[in-house]
Amino acid sequence: MRIAALIGAILLILVATFQGKDSSETWFAIENIEIKGDLKYATKAELQSDFSSLLDQSLLSVSLSDALATVLSSEWVASAEIRKVWPNTLQVLVHEHTPLAYWGDRQVLSTSAAVITPKTVPDLPLTRLYGPEDSSDIVLEQFGLVSQVLASSSLRIFSLTLEPRGAWNIVFSNGVAVKLGRSEILERLQRFIAVYKSDLSGRIDQITSVDARYPHGVAVGWTKNK
């Protein structure tokens, strides 16, 4: 099959060459970009728009490495494979990034730690991570460590925030917010989990705040009895 395709391509080139000096370029101009892959977050229409600069280029002269660079510049594309399909088609197999968490309010962090700024932010049940500019790697690493500590509990993270001065704050899906401070984050989190399991889990609606920045315990703010 590959030999037949190659022979067919050579014949087409020969035919185009005999049509005139400039016809080989126009004969094989890219008219169609065929997108394949299991798409969950980007649409084919969006990708067609992102790859539109490849249209009208000659399939003869277009560099696959340059075409790949264009394809990879699309936000959701993690990797891709490109084939020339004669006479006028570029076939692109797309592998998307897998979202892991939200980064701020407009971006997404992937499982490969890539920061994605999609045209439309997907509505997914993901943890929200916040931090100063260029701190996504640090926050993502801390998120992984915190998640490991929480694995044996029923607590799940709604948001994790690194403040500009280096302090960490966490909000759980049940609404409880905990201040963890700037050091000994995991140790403080473990102390909070112990207190939560023994004293707090049944009184979530009465808690206003939790401060775990103490060396031997946590401070809990309670709602006032009416």
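This is a walk through the two sheets of a predicted model, the helices on them and the nonpolar cores.

Start with the sheet of three strands. It is open, its strand order is 1-3-2, and its pairing is mixed. Strand 1 (32–36) and strand 2 (77–85) are the edges, each pairing on one side only. From one strand to the next, the twist averages 25 degrees. Look next at strand 2 and strand 3 (residues 89–96). They run antiparallel and are joined by eight bridges. To find the register, locate R83: it stands opposite Q91 in strand 3. Helix 4 (residues 64–72) packs on this sheet. It touches strand 2 and strand 3, and its direction makes about 140 degrees with that of strand 2.

Now turn to the sheet of nine strands. This one is open too, with mixed pairing, and its order reads 6-5-4-7-8-9-10-11-12. The edges are strand 6 (115–116) and strand 12 (219–222). Each of these pairs on one side only. Within the sheet, strand 7 (residues 127–130) and strand 8 (residues 157–162) pair in the parallel sense, over three bridges. Here L129 stands opposite L160 in strand 8.

Two helices belong to this part of the picture. Helix 5 (residues 136–150) lies across strand 4 (99–103), strand 5 (107–110), strand 6, strand 7, strand 8 and strand 9 (168–172). It runs at about 135 degrees to strand 8. Helix 6 (residues 185–200) packs on the sheet as well, touching strand 9, strand 10 (177–181), strand 11 (207–211) and strand 12. The direction of helix 6 makes about 150 degrees with that of strand 10.

What fills the interior? In soluble globular proteins, nonpolar side chains tend to be buried together. The largest nonpolar core here has 30 residues. L129, F172, V178, L189 and F192 touch the most other members. Strand 4, helix 5, strand 8, strand 9, strand 10, helix 6 and strand 11 each supply at least two residues of this core.

Take L189 as a case. Leaving aside residues up to four places away in sequence, L189 touches V146, V149, L150, F172 and L180. L189 lies within the span of helix 6, while V146, V149 and L150 lie within that of helix 5. F172 falls in strand 9, and L180 falls in strand 10.

Another core lies apart from the largest one. It has 22 residues, among them I35, L54, L59 and I82. I35 sits in strand 1 and I82 in strand 2, the edge strands of the three-strand sheet.

Methods. Residues numbered from 1 in each chain as written. Predicted model: local features only at pLDDT ≥ 70, side-chain atom pairs only at ≥ 80, totals over all residues. Heavy atoms only, no water. Pairing = 2+ DSSP bridges. Helix = DSSP H or I, 4+ residues; strand = E, 2+ residues; numbered from the N terminus. Contact = heavy atoms within 4.5 Å. Axes fitted to C-alpha atoms, helices over the stretch in contact; angles between N-to-C directions. Core = buried A, V, L, I, M, F, W, Y, C linked by side-chain atoms within 4.5 Å. Buried < 20%, exposed > 50% of the residue type's maximum accessible area, 1.4 Å probe, protein only.
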